2 protein chains.
Amino acid sequence: MDVLWAERSPLTAREVGRLIADRDLAPTTVMTVLDRLTRKGFLTRVRDGRAWRYEPAASRDAYIAELMLEALDMTGDRSAALTRFAQAVSGTEAEVLRKALTELEEE
Amino acid sequence: MDVLWAERSPLTAREVGRLIADRDLAPTTVMTVLDRLTRKGFLTRVRDGRAWRYEPAASRDAYIAELMLEALDMTGDRSAALTRFAQAVSGTEAEVLRKALTELEEE
DNA sequence: GGCGTAGTACTACGTCCCGTAGAGGGAGGG
DNA sequence: CCCTCCCTCTACGGGACGTAGTACTACGCC
């Protein structure tokens, strides 16, 4: 669903339908989906003549980060979960995390 | 659902029903839920006489960490999402992460 | 030894979300 | 004036989930 969408950064309208013509969906289907995503706050829409122009409300990365935080909220012991997580990521990704944290510290 | 369950570490059977008597659910309801959680791999069950004894398949923390990794898998750019995440956690939690990563490095 | 009780498996029903789509309305162009 | 485009509203099938009932089995007591 959002997969299709969240990838392309530029804003668009029902051109989305053109972009995913391979799945040949009814035009209304695409509209319904965009509409529902908007209702859920994943997309933002702006009028453009009689059509709408949709835009992601947040970057994909921000959305993912939010999902991760949401998962984290489900536990009582956030530290334990975080530690677990740190242990679970691969070496290179641990490196990325470390770097991000370091930069954070420097600000 | 798992909320009730995943909190208590010790293993149990239909005593779960006793433990959540406040929600006064039919005994069968509790059983069905435990059964479904087992099917989905969240719980492990062992025979104990004619009854079953349920036990979490993974610790809550491990489960949360897994959820976070799952979210991370949804992006194309894992590094970007990780960086975002690192920036999003609160200061104290960033500290926890840093510590976990450092210990990881030392091993 | 039969009968109540505890525990299990199987099935069901309402609800909600999601992917898909159709039917109907307003607005611009030929 | 009609056609086309795009929008809104409503719908339907499927799957998950929370809740629960029914049917079967095995203990154990009297």
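Select DNA strand D and the protein atoms around it: of the strand's atoms within 4 Å of the protein, 56% belong to sugar or phosphate and the rest to bases. This is a predicted model, in which local features need pLDDT of at least 70, side-chain atom pairs count only at pLDDT 80 or more, and totals for chains, interfaces and linings use all residues. Residues are numbered from 1 along each chain as its sequence is written, chains are lettered from A and ligands numbered from 1 in the order in which they are written, and side-chain values use heavy atoms, with hydrogens and water left out.

Next, select the 18 residues around strand D (a residue is near the strand if one of its heavy atoms lies within 4 Å of it). Those that come nearest are A:Trp52, B:Met1, B:Thr32, B:Arg36 and B:Lys40. By class, this surface has 7 nonpolar, 3 polar and 8 charged residues.

Now go to single side chains. An N or O atom in the side chain of A:Arg45 is 3.2 Å from a phosphate oxygen of DNA strand D. For B:Arg23, the distance from such a side-chain atom to a phosphate oxygen of the strand is 3.0 Å. At B:Thr32 the partner is a base nitrogen of strand D, 2.6 Å from a side-chain N or O atom.

Finally, show chains A and B together. A rotation of 179° with 0.1 Å of shift along its axis superposes chain B on chain A, with an RMSD of 0.2 Å (least squares on the C-alpha atoms of residues with pLDDT of at least 70 in both). That is the relation of a two-fold axis. To find the axis, select B:Met68: of the residues of chain B, its C-alpha comes closest, at 2.4 Å.

Notes:
A polar contact is a pair of N or O atoms within 3.5 Å; within protein, one must be able to donate a hydrogen and the other to accept it, and residues adjacent in sequence count only if both atoms are side-chain atoms. Ala, Val, Leu, Ile, Met, Phe, Trp, Tyr, Cys and Pro count as nonpolar, Asp, Glu, Lys and Arg as charged, and the others, Gly among them, as polar.
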